[in-house]
Structures are given as structure tokens and as C-alpha cells.
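Work through the two exercises below with the structure open. Try each task before you read its solution.

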Amino acid sequence: MIRDKALTFSGELKSQFGKKEVEGSLAVELFKLHALLFAMEHSKHEKELVKIAGREELRNNPGDVKGTLKKLYHMLEALEPALAGVFLTKSFNGIEEGTLYKIIVLFERYGLTNEEYRNKDAAVEFHNTLIEEIFGGLKGFDFTPKGLIQLMVQSLKLSGGSIYDATAGISNIMVSAYENEKEQGLQVSVFGQEINEELFIIGKLNLFLNNILPEKGDIKLGDTIREPKWLENDRLKQFDYVLMNFPFGVRDWGHEFAVNDLYDRFDLYGVPPKSQGDYAFILHALASLKSTGRAAIIVPFGTLVRGAVERKIRSILLKDDVIETIISLPTNLFSGTGIQVALLILNKNKTSDKKGKVQFINAEGDYERTRTQKFLHQEHISKITASVEAYENKERYSRIVSINEIADNNFDLNPSLYFVNIELETELGKIVFNKRKYETETQSLVRIDKISEIIRGVNLPSRRQMEMPNGEVYPVIQIRDIEDGEINVKKVDKFPIQTRDIDRVTAKPGDILVSSRGTQQKIAIVPEYEGEFLVSNMFIIIRLSSSSEVSPYYIKRFLESPVGQYYFEVNQSGSVATVLTPNDIRSIEVPLVSLEQQNNMVKQLEDADDLIRQAYENRKKQYLDAYQKLGFGAAIEKK
């Protein structure tokens, strides 16, 4: 019933003001009014607030509603000092009086009754439903899904104490952790920080509605990396637990501050790369933990596998033995993006049986879904957390790996690397690939870089460079130019290109092009052609050293096989779009059989493909014949 009320209220708002205006600063004023109406029905605030004005007076005083609200907000901030600065903000000062009055009228018509406002759960449900309706799927408001929050909370098996979220958003993780512990009869305090002022205000009001503020927790406004707010004796405050879903791939994260960090967060690990802030948040979380503390952090897959500085940071975290568990989760858990994430569990005080080890859990198949999104339900959460607690090997699901083995894998933490049997979705159906058997029983394995040169294609010009071209114009092959495994040279666009070595990135007959970005793998062989085509950086070029020893068609077929698919899936990284690097290709091992065997394999697969093509043609013929017999075949024109 409360949810239905909120849905009706939201619909009327959008009808009255338009969707865009409701999603803007108007939204924050809605949540302020909702919190005020809630406060007016509770004994702690009711008496003093009603002296200024009640709901009926607000409704009947359209000429001075803004002045009255200002007095009410002043009083509420005085009664609840933790709310200071939340209500009388720029958005309040900038909103028109008539708009405020319309919102109040809509609250009276379609909002909660006085009695319902006396019920904390009803007020919270109304608030949460409005959040979903107004911000759901809106860019910049990617809230952590409920199932993922519960997984974070339950994975740590909280047992009272202090909980911290350094990128708290609207405080949903803080509230869920508090409520979870309250249900278990445990006492916790929750603390948060948020950089976005609108989210901070909504988060503060969320804590207020849930009766957490101020005795059991609070959230502060500010940049966590540049200016952390939770301090003790000029040091970072230490917490029993950290729960965090930080913004992925932040570029302007505060690198210049981290170089001379006042709080020693990066001294022992190194400063994360300037263009990628993921590890800044991870290291901040680690620095905010007590010596016995644990953290559950949602991370993009890129943090598990990216090289250079991030690989070094990973190696030190592993050597310090603070990484306890990594759980790979399904794609599409967040609305509006298919990005795959993992849950990283840190532990500063591992028990003796966990020291020198990391647990990997493959939970990619644990979900339910709608057409566009996947969800974690309690059955999936229980399965995952039971495995976390058991901390034991379970075929294809959980594996305990020594840090030495991870070091042998160049400190990559992609869970797929550490499971002997990997299940892949291929054109042959589901395939179980045994990496260990492949590497130990397959004859004559050779790394691709031993038989070829691996080259990244040329960078395309930016929009500004296109507007002011500088450089010779060349046709450049892009991903869209490959159709059904063939390069459509007639569609290739031309670009002004600047590079020191044109010959290196020029497509040569026999080159194998492997798409380096996106979810759909494309592989093509450059045919004999006239003219000169360059290859874009959307591809990695495999240029064989000797066509008399290795057939490009054999390498292409191998890369399209389940084994090649395995290597692509294991190596792909990226916060938003998956990316393959030349190093990922170099490390792939191929059976180097004789040229005759290579050609025989290619022919056998081509013959198999011909069978499918013939069967498809026969199928079309029989369909058309059946339609002809029914009398409407002539009306269907085959192109």
C-alpha cells in the first residue's frame, strides 16, 4: 500500500513538473519535505515544529510557504544539530515559492497520512520507493543493488562494532548494515562520507528516517581521497569493518594529493595511476581498518588484472597477506551497464589456516534475471556466504590458492585463472575446459609471440584532430568493417593519421586481426588487396614470422576454438568495456603441429561449416516449397 502511494505520488509529480525537472534539484527538495513531515509527527520534534506551523497551515498559506518552511527547517536543524546545513541549501534558495506549494499540495493529496508518518517503516518505504522511481537508471545515480548490499554485509558476518563507507552515496549500505545487526540483537555504529552534495543530503535524510542519526551514525560531505573527514588525532579514524562500492574508473581522483598524502595511505603500496582511481579507494579502505578489521569492497574486474602500477600494488597487498577472498559475480547486476564486478574481501588479521592463501569463488552463475538485469536473491547470497565461511575447495566453485601460485600468474587475480575446470558458453554449447590438462597433455605448445610479432593498431584521430586534420589520409580498418569474419574493404573510412612507423600498422596479407575491445570477439585475416590499409587500435595484429611454417587460417581457427575463447575471457579486463592487450595475446599457447596437420584441421572445420550452410539452404528450400503448396509462395520474394 505504501509503495503504491509512492508510485502514484511520483507519477503525479512527473505529470505536474515533467520528468527532467523532477530528476533535477527538485528531487532533493522532495526528500527534505518528506523528512520534515516525518519529523512533525514524532515526539522529539513535533511540539516545537507545530508551534511554527502544522501541515494544514502549510497547505492553506500559499503566499508565504517558503518563509514558513525556512522557519521549520531552522527549527529542525536546531533540534537535530546533525542535520545542520542539510535543508537551507542553494537548491532551496533557488526553488520558486509556487513550485514548493505545488509539491506540498501533492504530498497532501497523494502522500502519507499523519498516522502513516508515525510509522518509521512506512516513511522509509515511501522514501526508498521514490529513490527507485526518480533516480532508477539515471546516469550518475548508480545505486548499489539490494542483493549486492546483502552479500557484502553477510559475507563479513558482522558482530557489532563500527562500520564505515567512504563513498556512501545515499547511505543505503550503512542503513542495511545497521538494520542487519539490529535484527541480530547487536549494536553497531555506522559512518560515511560522500562527495556529491545531493547524494549526501539524501543519505543524511535516509539516516534520519531510519532513526540512526545522530546516536548510531552519521555521514559527512567531502572528497574522501583529498579530504577525509573521519579523523582522530589527525589520523584516519579506524573502524572494525569497511563496506564500500566506490565509483569505478574515476580519473580526477586526487593523484596530486596522494603523492604527498598526509595520512600515509599510499606510502607502503605506491600511488595509483593518475588516470585510474580504483586502488586509491581500496587503499583508503585498508588504511581505515583496525588491526583486526575486515572489508568487503565491490571492484570492477580491471582491478584484478591490470598491469603496471596496479599490478605492483596487488603484489604488495598479497605479500602483506590482507586479501582473503575474491568472489566473481554475474554481469548486469547494475542497471544500465553490463559491467562485471567482483567482491573483494580484505582481512588484516587472518586466522592461521588462511595465511598465505586466497580464496576464489566463481559465483557468476548465481542469479535470477529479468530481460535486462540480473539479481542476487537470498538463496544465491546464502550459497556464496556459506562457501566464504567454509573456506574450502569445491570443484568449479571455490578454490583455495597459495600466494606463490598467484605470484606465478604475475599477481593476476581473475578467478578464472585458478579453476582447473572452466565452464564456457561456446557455439558447441556448454564446454568444460580443463586448463591443467591442456597445458600438461597437449603436445608442442608454443607461445604465439614465439612464432609471430604482436602489434597494436594505430590510434585514430580525436574529434578535434578531425576538425583540424594534420597528417596524411589513409583508409583505416575498424571493428565495424569486419562482417562474418571477412574484412569489407569497400566500407573502410579514411582518417588523417600521424605515426612514426606506417609500415608497422599497415595491414599485410596474412595478418590476423583480433578485436581488442568490446564483448563480441571478431577475428579476421587480411586478404590480398590493392592499395594500402592501416589497422586501427581497436585491433591487435598477429603477424606470423613464417607462413611456410604456420598458417594464419590455423591460428584463426585455434583462436575461435573453446581454448582460444578461454584465453580471451580470462585475459579481458576493463572497468566499463572489456579490453585485450598485446601482452594478453602474447601469452596464449598454441599447439605447433606440422603445416600439413594445420591445413587438415582447417579443411575439416571448413567442411563442417559447409554442412551447416548446405543444411540451412535445404531448410530454406523446404520452407519455400511448403509455402508454395499452400498457395502463397508467389507472394514471398526471395532476395
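**Exercise 1. Describe how H11 packs on H12, starting from the residues that meet.**

Step 1. Ile149, Gln150, Met152 and Val153 in H11 touch Asn172, Ile173, Ser176, Ala177 and Asn180 in H12, where contact means heavy atoms within 4.5 Å. These contact residues split into five nonpolar, four polar and no charged.

Note the basis. The model is predicted, local features need pLDDT of at least 70, side-chain atom pairs count only at pLDDT 80 or more, and totals for chains, interfaces and linings use all residues. Residues are numbered from 1 along each chain as its sequence is written, and side-chain values use heavy atoms, without hydrogens and water.

Step 2. Take the geometry. H11 spans residues 146-156 and H12 residues 172-183; they pack at about 50 degrees, with axes 10 Å apart. The two helices are therefore oblique (not under 35, over 145, or 65 to 115 degrees).

Step 3. Add the handedness. The crossing of H11 and H12 is right-handed.

**Exercise 2. Lay out the sheet that contains E17, and place H22 on it.**

Step 1. Write the order. Four strands form an open, antiparallel sheet, E17-E25-E22-E23. Strands pair if DSSP finds at least two bridges between them.

Step 2. Find the edges. E17 (452-456) and E23 (523-525) each have a single partner strand, so one side of each lacks a neighbour in the sheet. The twist averages 20 degrees from one strand to the next.

Step 3. Check one pair. E17 joins E25 (residues 539-544) through five antiparallel bridges. Ile455 has Ile541 as its bridge partner in E25.

Step 4. Add the helix. H22 (residues 552-560) lies across E22 (512-515), E23 and E25, and runs at about 175 degrees to E23.

Note on methods. Axes fitted to C-alpha atoms, helices over the stretch in contact; angles between N-to-C directions. Left-handed = near helix turned anticlockwise from the far one by under 90°. Nonpolar A, V, L, I, M, F, W, Y, C, P; charged D, E, K, R; others polar.
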